[in-house]
Amino acid sequence: MDVAHAQARQLEQLARLAADLVDVPIALIVLGSNASGSSIVASSGSSNETIATAARLCRAARLDEVELRIAPEDAPIRAGAALAIISHEQVRLGTLSVFDTRRRAFTPSELSRLADVGGLVAGHLMLHATAL
């Protein structure tokens, strides 16, 4: 298994962990800091069409936005939350986002768990960068 494949697999595991921690069917890790320079590197659950809708919502989120605004045309997605993935040097590396197909609000405890996973993703990316 090459390094890039191993890293992608580990990021997919972290996306699944995020989804499981807040009991949602969809989680994304999007690297990059803007819509034109970002790419999905890991996703968990659902169909390709739903993942594409989730990715669009994630890329459209403001940097300070946690609970995402979901419109009727975004169905089947009904709720979403996104947190910036921040390096130890306070550089934004990307976004960890979760989505649900039912209307709901995310609790402070759930958002705290997502922030913890975001920290794991940042640490993983920094370790990978220093290993190259």
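The points below concern a predicted model of a protein and go from its overall layout to its salt bridges, strands, cores and surface.

1. Overall layout. The protein has 132 residues, of which 45% are buried, and its secondary structure amounts to 3 helices and 4 strands. Read from the N terminus, these elements follow the order α-β-β-α-β-β-α. Where contacts link residues at least 6 apart in sequence, 53% of them join residues at least 24 apart. The accessible surface comes to about 7,000 Å², with carbon and sulfur atoms supplying 54% of that area.

2. The salt bridge between D23 and R102. A search of the whole structure returns 4 salt bridges, and one of them brings together the side chains of D23 and R102, with an N to O distance of 3.7 Å. This pair connects distant parts of the chain, since D23 sits in the loop between helix 1 (3-21) and strand 1 (26-31), while R102 sits in the loop between strand 4 (92-100) and helix 3 (108-131), 79 residues apart. D23 has a relative accessible area of 57% and is therefore exposed, the cut-off being over 50%. R102, at 42%, is partly exposed.

3. The wider salt-bridge network. R102 also meets D100 through their side chains, at 3.3 Å from N to O, although D100 has a relative accessibility of 3% and so counts as buried. A further salt bridge joins the side chains of E110 and R104 at 2.5 Å, N to O, and both E110 and R104 are buried. Through shared partners, the salt bridges join D23, D100, R102, R104 and E110 into one network. A reader following this network in the model will therefore pass from an exposed residue, D23, to a buried one, D100, by way of the partly exposed R102.

4. Strands 3 and 4. Strand 3, which spans residues 79-86, is mostly covered, with 6 of its 8 residues buried. Strand 3 runs antiparallel to strand 4, and 8 bridges join the two; A82, for example, has S97 of strand 4 as its bridge partner. The hairpin made by these strands has 5 residues between them, and Q90 in this hairpin adopts a positive phi near 65°.

5. The largest nonpolar core. This core contains 24 residues, and those with the most contacts inside it are I29, V98, F106, L114 and V121. Helix 1, strand 1, strand 3, strand 4 and helix 3 are the elements that each give two or more residues to this core, and helix 3 gives the most, with 6 residues. To inspect one member, F106 can be examined with its neighbours within four places in sequence left aside: F106 is then in contact with V22, V24, E67, A79, G80, A81, V98 and L111.

6. The second core and T50. A second core, separate from the one above, has 13 residues, V30, I51, A54 and I77 among them. T50 belongs to helix 2 (residues 48-60), and its relative accessibility is 7%, so T50 counts as buried. Apart from its neighbours within four places in sequence, T50 is in contact with I26, P76 and I77; I77 is also one of the residues of the second core.

7. A nonpolar patch on the surface. L17, L21 and L120 form a nonpolar surface patch whose accessible area is about 220 Å² together. Within this group, L21 is found in helix 1 and, at 30% relative accessibility, counts as partly exposed.

8. H128 and Q7. H128 lies in helix 3 and has a relative accessibility of 19%, so H128 counts as buried, the cut-off being under 20%. H128 and Q7 are 121 residues apart in sequence, and their C-alpha atoms are 7.8 Å apart in space.

How values were computed:
Residues are numbered from 1 along each chain as its sequence is written. This is a predicted model: local features need pLDDT of at least 70, side-chain atom pairs count only at pLDDT 80 or more; totals for chains, interfaces and linings use all residues. Side-chain values use heavy atoms; hydrogens and water are left out. Buried means under 20% relative accessible area, exposed over 50%, partly exposed in between (1.4 Å probe, protein chains only). Two strands pair if DSSP finds at least two bridges between them. A nonpolar core is a set of buried Ala, Val, Leu, Ile, Met, Phe, Trp, Tyr and Cys residues joined through side-chain atoms within 4.5 Å. Contact means heavy atoms within 4.5 Å. Patches are made of residues with over 30% relative accessible area and no salt bridge: like charges are joined within 9 Å, nonpolar side chains (Val, Leu, Ile, Met, Phe, Trp, Tyr) within 5 Å. Accessible areas come from the Shrake-Rupley method with a 1.4 Å probe; for residues, only the protein chains shown count as cover.
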